Amino acid sequence: GRRRSPAAAMATSSPSPAQAMHESLGRLVEAVGAERWPSEPAGERRVALALALAQELELETHAVLSEMNETFVLLATMVEILWRCALDYDLRGGAPPDFFAYPSVHPYAESDPASKLAMRLENKEYQSSRFRRLHLELAKRSDGLEVFRVVMFPRVRFDLPIVALDMVGFGGRVSFAIVDATPVRRKNGEKKLPDIYLQAMTELRRKHFGGGDGGGGGEAVEMASLPEWAERLFSEGCVCLRPRPGSQDASAFVGYCAELINFHMEASTCFHPLAEEADISEVYQGHQTYAREQLSNDKTRKALEASFGAPFAEAYMKQTLFDVEPGLYTQPPGTGTGLGSPASVGNPAPEARRNDDDEEEEEEFISMHGATYRVQTGPLARIEGLQGNHLFVPKGQWTPGEEIAMLRLLNGATSSAAHN
């Protein structure tokens, strides 16, 4: 066997159109930020910049977006810019960027165009060191239904709430909107948000919806009631409303989401990886509960079934909308020193074997955003799921190279890994 040098082992390729757009947007963000808000703190500048550019730019990364209601366009563009600002552009002068594309199981789907309920779905997904999946979904149906969904799934080794928002429209008007930071751990048997989140959400809710000096046009915005499954899941700070015709409720919702998402990304940097496997197990089980309750939402399921059929709806909801961080059912040998052998993933499956030709394994490196990482797995934690099953998931701070090595193990063990 032989060991390749980093230069020899790294693949070279020209930037993709998406990466070129990302870099171009980054340069624009830097220029506009320096011109309009030269002395603002980073957090305040991010929100103002994202909202301003969202009204001026037309992102070409979303095929469906240009056909949607202007409020949906504004919110989707704002989220894209805010994520990139917080995880990449604001870090250009210091730490390496922390924002990478994530392969979506369903990047685009279109039902029969001749159907009365023909639907198009588009998904964009990203990841960072703390967020396993930053998922943005757009849906457009031929009868005028529009859906925008965002879910920010933290990695289970971080005790972070799951921030998610949904906005639904029909006939060119926003008819329903909901956003929450959902706690994944409990205190004395009750769901409990970290205090800093509850305080921030209370203040932002008062600012944007509380009336008086708030953003509700001088009149408090009445919150809509939650379905039973959502009552069991969401926090006391959940914002749920049905915008009033002719009101500024939808605009207030966009402003609230901008500030909440920005706060979430800033607050996430204060959370360190959990050290104890029991704590990681508790968070993992919280993520399982979140997925289970969301999968019980019949409205989402029925809308998908009406356009795509039941098999697609089931797969789409479990694989793309509400999955859980996958893990290995067996610990690979040599964990932390190489890829090891493939291991069972998801529901127990026959363990795949690699050919062992007794040759020394070649080292591999990958270059991302000007930094070089060795492709190898990092330390793993043995955790317990809701059903009492045990699995191995990443523990501590991992590099992009280690994350890539884990993805290869997960994808190589079985062709149909179960995520729940």
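In this predicted model, Arg 149 forms a salt bridge with Asp 166, and their closest N and O atoms are 2.7 Å apart. The two partners come from distant parts of the chain: Arg 149 lies in strand S5 (residues 145–154) and Asp 166 in strand S6 (residues 162–170), with their positions 17 residues apart in the numbering. Arg 149 has a relative accessible area of 6%. Buried means under 20%, so Arg 149 is buried.

A second salt bridge joins Asp 279 to Arg 185, where the closest N and O atoms are 3.0 Å apart. This pair also links distant parts of the chain, its members being 94 residues apart. Asp 279 belongs to helix H8 (residues 277–295), whereas Arg 185 sits in the loop between strand S7 (173–182) and strand S8 (186–187). Are these two residues buried or partly exposed? Arg 185 has a relative accessibility of 19% and therefore counts as buried. Asp 279, at 26%, counts as partly exposed.

A third salt bridge is formed by Arg 141 and Asp 143, with 2.8 Å between the closest N and O atoms. Here Arg 141 is buried, at 13% relative accessibility, while Asp 143 is partly exposed, with a relative accessible area of 30%.

Salt bridges can also be linked to one another. Glu 125, Arg 132, Arg 133 and Asp 323 form such a network. For the whole model, the count comes to 26 salt bridges.

The next topic is the packing of two helices. Helix H3 covers residues 42–56 and helix H4 covers residues 70–87. They pack with their axes 8 Å apart, at an angle of about 140°. Why are H3 and H4 called oblique to each other? Angles over 145 degrees count as roughly antiparallel, and those from 65 to 115 as roughly perpendicular. The angle of about 140° falls in neither range, so H3 and H4 are oblique. Their crossing is right-handed.

Which residues make this contact? On the H3 side they are Arg 46, Val 47, Leu 49, Ala 50, Leu 51, Leu 53, Ala 54 and Gln 55. On the H4 side they are Leu 74, Thr 77, Met 78, Ile 81, Leu 82, Cys 85 and Ala 86. Sorted by class, the contact of H3 with H4 has 12 nonpolar, 2 polar and 1 charged residues. Arg 46 in H3 is the charged residue, and Gln 55 in H3 and Thr 77 in H4 are the polar residues.

Terms used:
Residues numbered from 1 in each chain as written. Predicted model: local features only at pLDDT ≥ 70, side-chain atom pairs only at ≥ 80, totals over all residues. Heavy atoms only, no water. Axes fitted to C-alpha atoms, helices over the stretch in contact; angles between N-to-C directions. Helix = DSSP H or I, 4+ residues; strand = E, 2+ residues; numbered from the N terminus. Parallel < 35°, antiparallel > 145°, perpendicular 65-115°, else oblique. Left-handed = near helix turned anticlockwise from the far one by under 90°. Contact = heavy atoms within 4.5 Å. Salt bridge = Lys/Arg side-chain N within 4 Å of Asp/Glu carboxyl O. Buried < 20%, exposed > 50% of the residue type's maximum accessible area, 1.4 Å probe, protein only.
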